[in-house]
Amino acid sequence: MIYAFLSIIVAAMVVILLLKIKKSAFISNSFTKGEMDLFQIGIEDIDKMEDGSDFEMYLYRLFLALGYKGVYKTVGSGDFGVDLVFTDRSGVRNVIQAKRYGVDNPVGISAVQEVYSSMRYYKAKKSIVITSSRYTNSCETLAGVNYVKLLDRSDLIEIISLFKMGDIEKVKDRIEAEPRMILESWSEYNSGTNYEVKKDKKAAKIVGR
């Protein structure tokens with residue numbers, strides 16, 4: 001009797017696992033084919049995406065659904081650090097880098113460096129990084145100094161929620177809100193600031209300075 005009960009439990013667990021795997025594969029294949037209903041996607045589904053390309057496709061379809069103009073997805077290779085391009089309600093072109101990272105894997109400064117440096121190539125005036133995770137302190141500092149908009153996991157969850165409720169304008173308000181600005185940057189003469197770059201004293205000693 002006990003063995004039969006255990007067998008039923010194991011069989012049920014296997015079925016549940018297979019259904020989860022099937023759902024994940026369905027989401028990935030549907031994004032590739034352009035069939036997935038955006039209203040079915042939540043942050044849990046994004047966490048299960050196999051790689052960053054599915055996340056990029058999700059954002060691409062989301063921005064199209066939001067009614068933005070000039071939306072297009074760049075090709076993986078040779079994109080100069082940009083995954084999406086769109087024109088906001090003010091007629092300003094924006095570039096986006098998408099980072100589908102795990103919750104415990106924060107996005108570093110390279111994302112800001114890449115998306116900010118690519119603006120001139122795409123003739124854009126604003127740059128955004130969107131992640132399913134969070135950002136390191138140094139990433140937030142560099143973004144603040146260079147006026148790069150950072151949208152983290154909590155922002156993404158809010159955007160998804162507002163979109164599903166049909167509040168498109170609030171979604172756009174969230175996306176287009178002014179980025180955090182840090183006016184005080186490093187100066188070698190200002191030793192009191194938190195953003196001062198530390199000198200390599202060993203290197204200075206080698207060259208006699």
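# Helices, cores and loops in a predicted model

Visitor: How do α6 and α7 run relative to each other, roughly parallel or roughly antiparallel?
Guide: In this predicted model, the axes of α6 and α7 come within 8 Å and cross at roughly 160°. Angles over 145 degrees count as roughly antiparallel. So the word for α6 and α7 is roughly antiparallel.

Visitor: Which residues of α7 meet α6?
Guide: Start on the α6 side, where S154, D155, E158, I159, L162 and F163 take part. α6 passes α7 in a left-handed crossing. Their partners in α7 are I168, K170, V171, R174 and I175.

Visitor: What about α3 and α6: are they oblique or roughly parallel?
Guide: Their axes come within 12 Å and cross at roughly 45°. Roughly parallel needs an angle under 35 degrees, and roughly perpendicular needs 65 to 115. The crossing of α3 and α6 fits neither, so the two are oblique.

Visitor: Which residues of α6 meet α3?
Guide: α3 passes α6 in a left-handed crossing. From α3 come F55, Y58, L62 and A65. Across from them in α6 sit L156, I159, I160 and F163.

Visitor: Are α4 and α5 roughly parallel or roughly antiparallel?
Guide: The axes of α4 and α5 come within 8 Å, at a crossing angle of roughly 25°. The cut-off for roughly parallel is under 35 degrees, which means that α4 and α5 count as roughly parallel.

Visitor: Which residues of α5 make the contact with α4?
Guide: α4 brings I109, V112, Q113 and Y116. The other half of the contact, from α5, is S138, C139, L142, A143 and N146.

Visitor: Let's zoom out. How many helices and strands does the protein have?
Guide: Walking along the sequence, you meet the pattern α-α-α-β-β-β-α-β-α-β-α-α-α. The secondary structure comes to eight helices and five strands.

Visitor: Which residues touch the most other members of the largest nonpolar core?
Guide: Nonpolar side chains tend to be buried together in soluble globular proteins. Here the largest nonpolar core holds 28 residues. At least two residues each come from α2 (43–48), α3 (52–65), β2 (84–87), β3 (93–99), β4, α6 (153–164) and α7 (168–176). The members that touch the most others are I46, F55, Y58, I130 and I175.

Visitor: How many residues are in the other core?
Guide: The other core lies apart from the largest one, and V85, V95, A124 and V129 are among its members. Its count is 16 residues.

Visitor: Is Y122 buried or exposed?
Guide: Y122 is in the loop between α4 (109–117) and β4 (126–131). Leaving out residues up to four places away in sequence, it touches Y72, T74, D79, F80, V82, V85, R93 and V95. Its relative accessible area is 8%. Since the cut-off is under 20%, Y122 is buried.

Visitor: How far apart are the C-alpha atoms of Y122 and V82?
Guide: V82 is one of the residues that Y122 touches. Along the chain the two are 40 residues apart, but their C-alpha atoms are separated by 9.0 Å.

Visitor: And K123: is it buried or exposed?
Guide: K123 is in the loop between α4 and β4. It has a positive phi of about 55° although it is not a glycine. Most residues other than glycine have a negative phi. As for its surface, 68% relative accessibility passes the cut-off of over 50%, so K123 counts as exposed.

Visitor: What is the phi of Y147?
Guide: Y147 lies in the loop between α5 (137–146) and β5 (149–151). At 35% relative accessibility, it counts as partly exposed. It is not a glycine, yet its phi is positive, at about 60°.

Visitor: Is R153 buried or exposed?
Guide: R153 lies in helix α6. Beyond residues up to four places away in sequence, it touches I43, D47, V103, T131, S132 and S133. With 18% relative accessibility against a cut-off of under 20%, R153 counts as buried.

Visitor: Where is the pLDDT below 50?
Guide: The protein averages a pLDDT of 83, and 72% of the residues score at least 70. One stretch has eight contacts in the model beyond near neighbours in sequence, and its pLDDT is below 50: residues 21–28.

Note on methods:
Residues are numbered from 1 along each chain as its sequence is written. This is a predicted model: local features need pLDDT of at least 70, side-chain atom pairs count only at pLDDT 80 or more; totals for chains, interfaces and linings use all residues. Side-chain values use heavy atoms; hydrogens and water are left out. Helices (H or I, at least four residues) and strands (E, at least two) are DSSP runs, numbered from the N terminus. Buried means under 20% relative accessible area, exposed over 50%, partly exposed in between (1.4 Å probe, protein chains only). Contact means heavy atoms within 4.5 Å. A nonpolar core is a set of buried Ala, Val, Leu, Ile, Met, Phe, Trp, Tyr and Cys residues joined through side-chain atoms within 4.5 Å. pLDDT is the predictor's confidence in each residue, from 0 to 100. Axes are lines fitted to C-alpha atoms, for helices over the stretch in contact, and angles run from 0 to 180 degrees between N-to-C directions. A crossing is left-handed if the near helix is turned anticlockwise from the far one by less than a right angle, and right-handed if clockwise.
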